[in-house]
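Got your viewer open? Load the model shown here and keep the selection box handy, then follow along stop by stop.

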Amino acid sequence: MQLVMLGPPGAGKGTQAKRLAERLGVPHISTGDILRGAAAAGTPLGKRASRYMDDGALVPDSVMVGLVEERLAQPDAGRGFILDGFPRTVAQAEALDGMLSRGGRRLDAVVQVAVPQDELVRRLAGRRVCGDCGMLFQVALDQSPNGRCDSCGGPLLQRDDDREETVGRRLAVYERETAPLVGHYRAKGLLREVVGTGSRDEVFQRIAGELG
Ligand code: AMP
């Protein structure tokens, strides 16, 4: 299955994509995770990307398209993939269509996770990520004794770009650059719209139901 998860920051794409990837046995490819990994490792890509990420801006399309093309060429993505955080612009979506069709492949579906803006702001403010295993938490929902990860005991951290001053900018960038992809994929008959409010299990069941 070759899927794209679409939705604003805080919609729960990452959480649902991870779960769906496990269920389907395909890799979860999060461009944000790849960039944060590169930034932590101090690679040239990471240094360049950090400047944009810290501002809540998008990393240039030329950088992102090359990075995703390389990742999709790896053997584990041959069986399928779940893209989370890419494409984020119409130019990226067109580049993705091109790279897939050159390989004789196509997307099966694009899942759009919709959540009202005030809820997104609340979720982003309460989001914590395990510094060791990357598991995502919500401070209001999850019991995390001593502020450590339930799964591996790692430290729970707030992403720099989840701080209040950057969140508004990321949501505005989503509306301007990424929301037009809803129309792009609807016109192709690929869009599956899912309400992203409620529990993680409820949202997962809705997504599974849409994908049949
Ligand atoms: P995410 O973890 O998906 O919220 O991504 C975090 C940040 O990484 C974004 O705010 C962007 O700065 C950058 N980023 C991730 N994916 C992309 C993309 N497809 N295009 C441009 N920038 C991206």
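Before you click on anything, one term: buried means under 20% relative accessible area, exposed means over 50%, and partly exposed is in between, all with a 1.4 Å probe and protein chains only. What you have loaded is a predicted model, where local features need pLDDT of at least 70 and side-chain atom pairs count only at pLDDT 80 or more, while totals for chains, interfaces and linings use all residues. Residues are numbered from 1 along each chain as its sequence is written, and side-chain values use heavy atoms, with hydrogens and water left out.

**The whole chain**

Start zoomed out, in cartoon view. The chain has 9 helices and 8 strands; these are DSSP runs numbered from the N terminus, with helices being H or I of at least four residues and strands E of at least two. The radius of gyration is 16 Å, close to the 17 Å that the globule rule gives for 212 residues, so the chain is as compact as a globular protein of that length. (That radius is taken over C-alpha atoms, and the rule is 2.2 Å times the number of residues to the power 0.38.) Along the principal axes, the C-alpha atoms fill a box of roughly 50 × 40 × 35 Å. Of the 212 residues, 45% are buried.

**Helix α3**

Now select residues 44–55, which is α3. Which residues are buried here? They are Gly46, Ala49, Ser50 and Met53. Look down the axis of α3: these buried residues fall within an arc of 120 degrees, so they line one face of the helix. The arc is that of the directions from the helix axis to the C-beta atoms. Spin to the other side of α3 and you meet Pro44, Lys47 and Arg51, which are exposed. The cover over the buried residues includes α2 (31–41), going by contact, meaning heavy atoms within 4.5 Å.

Step just past the end of α3 to glycine 56, which takes a positive phi of about 75 degrees. Keep going to proline 60, in the loop between α3 and α4 (61–72). Proline 60 is partly exposed, with a relative accessible area of 22%. Leaving out residues up to four places away in sequence, proline 60 touches Arg48 and Tyr52.

**Helix α6**

Next, select 117–126 for α6, where Leu120, Arg123, Leu124 and Gly126 are buried. They cover an arc of only 165 degrees around the axis, which puts them on the same side of α6. Turn the helix around and the face away from that buried side carries the exposed residues Asp118 and Arg122. Covering the buried residues are, among others, β5 (127–130), β6 (136–138) and α7.

**Arginine 170**

Follow α7 (residues 164–178) to arginine 170. Is arginine 170 buried or exposed? At 9% relative accessibility, arginine 170 counts as buried. Show what is around arginine 170: setting aside neighbours within four places in sequence, its contacts are Pro9, Gly56, Leu124, Arg127, Arg159, Asp161 and Asp162. Two of those names come from earlier stops: glycine 56 follows α3, and Leu124 is one of the buried residues of α6.

**Two last stops**

Select phenylalanine 86 and proline 87: the peptide bond between them is cis, with omega near 0 degrees. Proline 87 lies in the loop between β3 (81–84) and α5 (90–102).

Finish at arginine 19, whose charged end sits over the ring of phenylalanine 204, 4.4 Å from its centre. Sitting over a ring requires NZ of Lys or CZ of Arg within 6 Å of the ring centre and within 35 degrees of the ring normal.
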